[in-house]
Amino acid sequence: MRRSRRREAEHVTFDFAPMVDIVLLLVIFFMLTSQLMSQDRTVPLDLPTASSSIKDATRIPTISIQKNGSIFLEGKQVTLQQLQTQVKTAVKNSGGIVALRADQSSNYGVVVSVMDAIRKVGTVKIALATEEK
């Protein structure tokens, strides 16, 4: 006896909800990482160029000096006195290294006074930021 089987057409469905969740998580991930990577570039500066620039991916505290003499530590404006106290705590986490980004047309006296304030903290290495030629 022969059995005849009728196969009913099965409807294949694709659930988009998990795919949308994954895409949204990826978008959030890339938004957060892009903001963390560009944190030291929040203060717009015209950096001097150097052919011997070294790209360093380690996270070190960044001090920025604008052309008008404004001083920023990690993107937040500070005075020279505040800088000295706040650098002390930031240097502990970076192993004694501080990045100094100064506009190429900024006042040389302000740059020297910032470097002096950093040196008063203790044994600190100052990395001068430049742009690659």
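Strand β2 (residues 62–65) and strand β5 (residues 97–102) run parallel to each other and are joined by four bridges. Strands here are DSSP runs of E with at least two residues, helices are runs of H or I with at least four residues, and both are numbered from the N terminus. Two strands count as paired once DSSP finds at least two bridges between them. Across this pairing, I65 sits opposite A102 in β5.

A word on what you're looking at: this is a predicted model, where local features need pLDDT of at least 70, side-chain atom pairs count only at pLDDT 80 or more, and totals for chains, interfaces and linings use all residues. Residues are numbered from 1 along each chain as its sequence is written, and side-chain values use heavy atoms, with hydrogens and water left out.

**The sheet**

The β2/β5 pair belongs to an open sheet of five strands, ordered β4-β3-β2-β5-β6, with mixed pairing. At the edges are β4 (76–78) and β6 (125–128), each of which pairs on one side only. Neighbouring strands are turned by 30 degrees against each other on average, direction ignored; the axes behind that angle are lines fitted to C-alpha atoms. As general background, strands of a sheet pair through backbone hydrogen bonds, either parallel or antiparallel. Here are three of the pairings:

| Strand pair | Sense | Bridges | Facing residues |
|---|---|---|---|
| β2 and β5 | parallel | four bridges | I65 and A102 |
| β2 and β3 | antiparallel | three bridges | S64 and F72 |
| β5 and β6 | parallel | four bridges | A99 and A127 |

How are the faces of β2 covered? T62 and S64 are buried on one side, and I63 and I65 are buried on the other. "Buried" means under 20% relative accessible area, "exposed" means over 50%, and "partly exposed" is in between (1.4 Å probe, protein chains only). In a regular strand, side chains alternate between the two faces of the sheet. β5 is mostly covered too, with five of its six residues buried.

The hairpin of β2 and β3 has five residues between the strands, and G69 there takes a positive phi near 95 degrees. Further on, in the loop between β3 and β4, you'll find E74. E74 isn't a glycine, yet its phi is positive, at about 55 degrees. Most residues other than glycine have a negative phi. E74 counts as partly exposed because its relative accessible area is 27%.

**Helix α2**

Does the length of α2 agree or disagree with what you'd expect of a helix? Its 15 residues (80–94) should span 21 Å at 1.5 Å a residue, and the end C-alpha atoms are 20 Å apart, which agrees. That expected span is 1.5 Å times one less than the number of residues. There's a bend of about 30 degrees at V87, taken as the angle between axes fitted to the seven residues ending there and the seven starting there.

V87 is also on the list of buried residues in α2, along with L83, V91 and S94. An α-helix has 3.6 residues a turn, so residues three or four places apart point the same way. The cover over the buried residues of α2 includes β2, β3 (71–73), β4, β5 and α3 (108–121), with contact meaning heavy atoms within 4.5 Å.

K88 is in α2 as well, and it counts as partly exposed because its relative accessibility is 46%. The C-alpha atoms of K88 and V124 are 9.5 Å apart, although 36 residues separate them along the chain. Right after α2 comes G95, with a positive phi near 80 degrees.

**The whole chain**

Zooming out, the protein has three helices and seven strands, running α-β-β-β-β-α-β-α-β-β from the N terminus on. Of its 133 residues, 27% count as buried. Among contacts with a separation of 6 or more, 69% come from residues 24 or more positions apart.

One item comes from a record: an unreviewed UniProt entry places a "transmembrane region" at residues 12–32. UniProt positions follow the numbering used here, feature names are shortened, and annotations may be inferred rather than shown by experiment. In the model, residues 12–32 are 76% helix and 0% strand, with the end C-alpha atoms 37 Å apart.

Note on methods:
Axes are lines fitted to C-alpha atoms, for helices over the stretch in contact, and angles run from 0 to 180 degrees between N-to-C directions.
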